[in-house]
Amino acid sequence: MDSLWFAEATKNSVMGMAARELAWDQTPLGRPSTWHPALRQAVQLCFSTTFPMMIAWGPEHTMIYNDGYRDMLGTDKRLNAMGRPSKEVWAEIWDYVGGLFAEVEETGQSTGALDQPLLMNRSGFEEETNFTFSYSPITDETGTVLGILNITSETTASVVDRRRLQTIDQLHAAMTDHRADIDALADAVLHVLRESADIAGAELHLTEGGDLVLAGRTHHDRGSLAAPHVVHKAWSSRTPVSSRPTLVAPLARAEDAIARGVLVLEGNPRRPYDAAQRSFLMLVASSVSAALGAATDLRREIDLLDAHAELIARDAERSRESSVTLQHSLLTAPPEPDHLHIVVRYHPASDHLEIGGDWYDSFMTEDGSTMIVIGDVTGHDHHAAAAMGQIRGIIRAIAYDRGEVPSRVLTRADNAIHGLNLGQNATASAIVARIEQDHCDLKDRTRTIRWSNAGHPPPVILRADGSVEVLRRQNDLILGIIPDHDRHDFTITLNDNDTLLFYTDGLIERRNRTMTASVEALVSTLEGRQDEDLDGLCEHVLRTLVPSRAEDDIALVVVRAYPQDQPRPAEAGPNRNIPPELDDSGTADAEE
């Protein structure tokens, strides 16, 4: 070891030990003592956190990663990926990953994805996986991109679990619709299993006249999924037979004298045949077995399921009511400072009307400045909502009475997140902006916007002449990763009749579209709309960029400055600042 800094940075982890033992002089990076200061800083960050993190450095995108990232490399890649080019390690997904790397290097902007599906070969077979991740540029003092920082989280288990639960729900619904007709029931079961991504094939055998008869299969271009003697063995013994990746399950309840049939299920070959997959297949078989019971028993089971479904619906409705109450309390109406008009919107994701991780805030500080905050905690569940509420409260309290610059507000918030031990769920992108007007600004009929960006999409300005300016600046690290992170402030002038727009990524991000293209779509939507009132402008933006129901939560904060020697415009007060979805007065949704 020829570098004390490298030894110190890597001393407390398994992959740190592996990094210390690697012959770096035989890699494109050379000896650690020669590494660029930006790479050193990134390495120290990487090995200081338990959150999965990887560095891809230089033209070869040479990999350095921590213990959290190692677990995502599977059994075949985890031990020999350190110090190798990313293109070699991730050869099977390089068409996708390489394109994102190139985008970051060309634009200098971060990019990422939510629950991105990727087909990997990391453990000896082609494996279906999902990841939520961001790729951020690592730059030198000139802004030249030297490497890429990958912060990631594997979401495969949650994606697959949701999908499997959806199959079970659809199966229960189909069997309920055909509770009195065995033939129709068999067809409905096979239809659901045919459409399931987690079932590669299925055969349903039913007992008829003391023998076992094939009732149907999901595939017609393949032979039997299991040998006949195996099927008969499961039927006669009433014991399931499991042979990777196939389960042969008798359809029998404990009180049945004979099995009512056999269900043969072949699991998804792109997922490990582990306990979770076997449990899923057994759950499918158990569900079908219950549907083939005696008519009275079946009716009782269906009634119980209906009662359970109703209970779930009531719980969901109570949860929604609680969420809406929380939204009312947290997503408050903005202030009405002199000669500024502020309009806000919050649209929850389409698959539920529950509060998630997106938030906005706007308030007057003790010194009379106007603060604008917008942020996004990863997730859409109550954990994300709880983390959002805590982070929002922390930033609001810190920003109110000290008059500190936005970068300092974010740094103190980051320290509070760590000091209060809010946990890994409390990671968020955010922008804190301060609208200031000193004597010079007042004389020049301008305002100064001072802001700091923690990994959030860039704000935009619709100028009074109809042009649009994207405030692309160097993004700092998101909140919740590491305390005392160096953050930066930026300033820009807001003139009379200029409009400033902050938003969360749900407004622009779309699958299979780059972040650059997404921002360009927002710019095109805003250009030439300088004369439209803010309510109309918000509705136009939402209607254009989100024509159907939103896939992700959306928060908007729009600020317009108007001349100080003119009366307050009619549009500026009172304004409809309660999001339409939450307005008890019956105001129609933007989509409607």
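The exercises below work through the fold, the cores, the empty spaces and some single residues of one chain.

This is a predicted model, in which local features need pLDDT of at least 70, side-chain atom pairs count only at pLDDT 80 or more, and totals for chains, interfaces and linings use all residues. Residues are numbered from 1 along each chain as its sequence is written, and side-chain values use heavy atoms, with hydrogens and water left out.

**Exercise 1. State how many helices and strands the chain has, and what share of its residues is buried.**

Step 1. Helices (H or I, at least four residues) and strands (E, at least two) are DSSP runs numbered from the N terminus. The chain has 17 helices and 20 strands.

Step 2. Buried means under 20% relative accessible area, exposed means over 50%, and partly exposed lies in between (1.4 Å probe, protein chains only). Of the 592 residues in the chain, 52% are buried.

Step 3. A contact means heavy atoms within 4.5 Å. Among contacts in the chain with a separation of 6 or more, 63% join residues 24 or more positions apart.

**Exercise 2. Describe the largest nonpolar core and name a core that lies apart from it.**

Step 1. A nonpolar core is a set of buried Ala, Val, Leu, Ile, Met, Phe, Trp, Tyr and Cys residues joined through side-chain atoms within 4.5 Å. In soluble globular proteins, nonpolar side chains tend to be buried together.

Step 2. The largest nonpolar core has 49 residues, and Trp35, Val43, Ile55, Met63, Ile64 and Tyr65 touch the most other members. Helix H3 (residues 37-48) gives the largest share of this core, seven residues.

Step 3. Another core, of 28 residues, lies apart from the largest one; Ile168, Val192, Ala202 and Leu292 are among its members.

Step 4. Back in the largest core, Tyr65 can be followed outward: leaving aside neighbours within four places in sequence, its contacts include Met15, Cys46, Phe47 and Met82.

**Exercise 3. Find the largest cavity and the second largest pocket, and compile their linings.**

Step 1. On a 1 Å grid over the protein atoms alone, a cavity is a set of points where a 1.4 Å probe fits but cannot get out; a pocket is an open set with protein on both sides within 12 Å along at least five of seven lines, and lining residues have an atom within 4 Å of a point. Grid points are joined across faces, edges and corners, and a volume is the space filled by probe spheres set on the points.

Step 2. The structure holds one cavity of 30 Å³ or more. The largest cavity holds about 150 Å³ of space. Its lining has 13 residues, of which Tyr69, Trp90, Met120, Tyr135 and Asn150 are the closest to its centre.

Step 3. Strand E4 gives the most to this lining, with three residues.

Step 4. For the classes, Ala, Val, Leu, Ile, Met, Phe, Trp, Tyr, Cys and Pro count as nonpolar, Asp, Glu, Lys and Arg as charged, and the others, Gly among them, as polar. The lining of the largest cavity has 11 nonpolar, two polar and no charged residues.

Step 5. The second largest pocket has a volume of about 250 Å³. Its lining includes Ile168, Asp169, His172, Leu305 and Asp306. Helices H8 (156-177) and H12 (295-330) each supply at least two lining residues. By class there are five nonpolar, three polar and two charged residues.

**Exercise 4. Is Glu128 buried or exposed, and which side chain makes a polar contact with its side chain?**

Step 1. Glu128 is in strand E4 (residues 126-139), and it counts as buried because its relative accessible area is 18%.

Step 2. A polar contact is a pair of N or O atoms within 3.5 Å; within protein, one must be able to donate a hydrogen and the other to accept it, and residues adjacent in sequence count only if both atoms are side-chain atoms. The Glu128 side chain makes such a contact with the side chain of Asn268, at 3.2 Å.

Step 3. Not counting residues up to four places away in sequence, Glu128 also touches others, including Leu119 and Arg270. Leu119 belongs to strand E3 (residues 111-121) and is partly exposed, at 33% relative accessibility.

**Exercise 5. Locate a cis peptide bond and two residues with positive phi.**

Step 1. Most residues other than glycine have a negative phi, and most peptide bonds are trans.

Step 2. The bond from Arg244 to Pro245 is cis, with omega near -5°. Pro245 lies in the loop between strands E8 (241-243) and E9 (246-250).

Step 3. Arg445 has a positive phi, near 60°, and is partly exposed at 36%. Asp484 has phi near 55° and is exposed, with 56% relative accessibility.
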